[in-house]
Amino acid sequence: MNRIFSNTLILLFLLSFNFAYSWGTTGHRVVAEIAQNHLTAKAKRNLKKLIGDQKLAYWANWPDHIKSDTTGVWKVTDKWHYVNINPQPNFKMFSDSLQAQKSPNLYTQIKALGEQIKNKNATKQDREVALRFLIHLMGDAAQPMHVGKANDLGGNRIKLKFFGDNTNLHSLWDSKLVDFQNYSFTEYSGVLDVKSKDEVKNIQAGTLEEWLYDSQKMANRIYSNSKSEASYSYDYNYKFQPLLERQLLYGGLRLAKMLNEILQ
Ligand SMILES: [Zn+2]
């Protein structure tokens, strides 16, 4: 094997492990900004004690940025961003397999972080860090592929092309589809956050388990309409833009609901 060829193979090998982790920067900020718009007066006052006048969107991507930390202290949080569950025929079975996973994951950590923020005996710094994670992870919980199948790593192993660029199904949903819309996060949250009070209440109803099941059902719709090795462009956007926007909006409103309960 000549050197250039073997180097190319090594490079391809490394690239194939460059897995995406979560909504890109815009998606997470859209979720956070929508949540900010729906906080109660009480939650806003308590939030101010933790992060001052800073906005939720400012911290929305921090839990991804710390993956570049070289001290190793955050390594344990890598697995907090997703919970892989194979498709289940009903909520009961979904919930059972969710509860059966004991090692830290998206579901266990959202619950644990909520408790941490509420814990008056915890230090302010610990509560603030927990808040940063919660803002981010509630965004991940609404990205369907973060509740995707285990055998393809939430779509990371499904290679395809989007507008000619090599990518994978997970990454397409994390950022490429969001970025294609070409909005800033404030513009995007502005055009999405237009529901009536009653509609907001309906979207915020339910439990964390039900919200994750909702994401999984959306993931299954995505799986059955996305083919490995396919070349997608405008057609894919046309088909999935409404679902993408539903997830960003629902993520934001449900984060608000959670923060309003935690910070009361
Ligand atoms: Zn993430």
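This is a walk through a predicted model, one selection at a time.

**Stop 1: helix α9**

Start by selecting residues 169–181, which make up helix α9. How far apart are the end C-alpha atoms of α9? They are 17 Å apart, and that agrees with the 18 Å you would expect for 13 residues at 1.5 Å a residue. Now click on Ser-175: a kink of about 35 degrees in α9 is centred there.

Colour the buried residues next. In α9 these are Leu-169, His-170, Ser-171, Leu-172, Trp-173, Asp-174, Ser-175, Leu-177 and Val-178. To see what they pack against, show α2 (25–36), β1 (159–162), β2 (165–168), α12 (208–224) and α13.

**Stop 2: where α9 meets α13**

Keep α9 on screen and add α13, residues 234–262. The two helices pack at an angle of about 100 degrees, and their axes are 11 Å apart. That makes α9 roughly perpendicular to α13.

Which residues should you show as sticks at this contact? From α9, pick Leu-177, Val-178 and Phe-180; from α13, pick Asn-237, Phe-240 and Leu-244. By class, five of the residues in this contact are nonpolar and one is polar, with no charged residue.

**Stop 3: just past the end of α9**

Step on to Asn-182, just after α9, in the loop between α9 and α10. Its phi is near 65 degrees, a positive value in a residue other than glycine. Most residues other than glycine have a negative phi. Is Asn-182 buried or exposed? Asn-182 is exposed, since 9 other C-beta atoms lie within 10 Å and the cut-off for exposed is 12 or fewer.

For another positive phi, jump to Phe-163 in the loop between β1 and β2. Phe-163 is not a glycine either, and its phi is about 50 degrees. With 13 other C-beta atoms within 10 Å, Phe-163 comes out as partly exposed.

**Stop 4: helix α2**

Select 25–36 for α2. The end C-alpha atoms of α2 are 16 Å apart, which agrees with the 16 Å expected for its 12 residues. How many residues of α2 are buried? The count is 11 of 12, so α2 is mostly covered. Among the buried ones are Arg-29, Glu-33 and Gln-36. To see what surrounds them, display α4 (56–59), α8, α9, α10 (185–192) and α13, which the buried residues of α2 pack against.

Now hide everything but α2 and α8 (124–142). Their axes come within 9 Å and cross at roughly 110 degrees, which makes α2 roughly perpendicular to α8. On the α2 side, show Gly-27, His-28, Val-31 and Ala-32. On the α8 side, show Ile-135, His-136, Met-138, Gly-139 and Ala-142. This contact of α2 with α8 divides into five nonpolar, four polar and no charged residues.

**Stop 5: Val-147**

Follow the chain into the loop between α8 and β1 to find Val-147. Although it sits in a loop, Val-147 is buried, with 28 other C-beta atoms within 10 Å. What is Val-147 in contact with, leaving aside its neighbours within four places in sequence? Select Val-83, Ile-85, Leu-212, Ser-215, Gln-216 and Ala-219. If you have the distance tool handy, try Val-147 to Pro-87: they are 60 residues apart in sequence, yet 9.5 Å apart C-alpha to C-alpha.

**Stop 6: back to α13**

Bring α13 back and add α11, residues 197–204. The axes of α11 and α13 come within 9 Å and cross at roughly 80 degrees, making α11 roughly perpendicular to α13. Val-200, Ile-203 and Gln-204 of α11 touch Tyr-250, Leu-253, Arg-254 and Lys-257 of α13. The residues of this contact are four nonpolar, one polar and two charged.

Finish on Ala-256, also in α13. Ala-256 counts as buried, with 25 C-beta neighbours inside 10 Å. Leaving aside its neighbours within four places in sequence, Ala-256 is in contact with Ala-35, His-38 and Leu-39. For a last distance, run a line from Ala-256 to Ser-175, the centre of the kink in α9: their C-alpha atoms are separated by 22 Å, and the two residues are 81 apart along the chain.

Note on methods:
Residues are numbered from 1 along each chain as its sequence is written. This is a predicted model: local features need pLDDT of at least 70, side-chain atom pairs count only at pLDDT 80 or more; totals for chains, interfaces and linings use all residues. Axes are lines fitted to C-alpha atoms, for helices over the stretch in contact, and angles run from 0 to 180 degrees between N-to-C directions. Helices (H or I, at least four residues) and strands (E, at least two) are DSSP runs, numbered from the N terminus. Angles under 35 degrees count as roughly parallel, over 145 as roughly antiparallel, 65 to 115 as roughly perpendicular and the rest as oblique. Two residues are in contact if their C-beta atoms, placed from the backbone, lie within 7 Å. Ala, Val, Leu, Ile, Met, Phe, Trp, Tyr, Cys and Pro count as nonpolar, Asp, Glu, Lys and Arg as charged, and the others, Gly among them, as polar. The expected span of a helix is 1.5 Å times one less than its number of residues. The bend at a residue is the angle between axes fitted to the seven residues ending there and the seven starting there. A residue is buried if 20 or more other C-beta atoms lie within 10 Å of its own, exposed if 12 or fewer, and partly exposed in between; C-beta atoms are placed from the backbone.
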